[in-house]
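Colleague: I am new to this structure. Please take a close look at one part of the chain and describe how the pieces there fit together.

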Amino acid sequence: MRKIFFTAVCFALFFTACNSANKSGASNDNSITQKNLDASHVVSNAFGTGDVSGIDSAVSSDFVDHTDRGDMNRDSLKSMIKMVHATNKDMKMETIKELADSEYVFSLMHFTGTGDGTMMPAGPYDMHAIEVVKFKDGKAVEHWEYMEAGEMMKMMEKMHGTNQKMNKPDSSKKK
């Protein structure tokens, strides 16, 4: 049920972004949308190279990252990018699809690589995520990331050193 809800929410967000961009049609909105996409690409490139020199031009000083890493700011984002690059040297990021308007960029991402156990489970990984970034004045101000539950479970199993499946409650027993 959660997976269906998650999928429905993601589709709604994607379609809302497309409709917002299509309804406005103004060239000013298109230039703002392009600035947002360009800023998003600066951050993606930083994760790929470890070079954070462009982050200040793409991420607002009051940036907030609403992920499992806690509410991070721009400086902690820079530190995390350096750490991710140092601990996942063969990480590859593929943007499968991007949708953007004058306020948000939605990216369906595919990540592969080998974690050293510091930030990711030790060993190879292959996962997908939806990145949602809110922009203001061409700079990222907020970020959320959503992963498929099955892929999260695989990562958790690796992190805890077990390949056992989680036990489902026995519905045949009465309370």
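Modeller: A hairpin of 3 residues links strand 3 to strand 4. Residues are numbered from 1 along each chain as its sequence is written. The model is predicted, so local features need pLDDT of at least 70, side-chain atom pairs count only at pLDDT 80 or more, and totals for chains, interfaces and linings use all residues, while side-chain values use heavy atoms, with hydrogens and water left out.

Helices (H or I, at least four residues) and strands (E, at least two) are DSSP runs, numbered from the N terminus. Two strands pair if DSSP finds at least two bridges between them. Strand 3 covers residues 92-100 and strand 4 residues 104-115, and they pair in the antiparallel sense over 8 bridges. On its other pairing, strand 4 meets strand 5 (residues 123-136), also in the antiparallel sense, over 12 bridges. Phe106 in strand 4 takes part in both: Leu99 stands opposite Phe106, and in strand 5 the bridge partner of Phe106 is Val132.

Ahead of strand 3, the loop that follows helix 4 (74-87) holds Asn88. Asn88 has a relative accessible area of 2% and is therefore buried (under 20%; exposed is over 50%, partly exposed in between, with a 1.4 Å probe and protein chains only). Beyond its neighbours within four places in sequence, Asn88 is in contact with Thr114, Gly115, Met120 and Tyr125, contact meaning heavy atoms within 4.5 Å.

For the setting, the chain has 5 helices and 6 strands, and buried residues make up 35% of its 175 residues.
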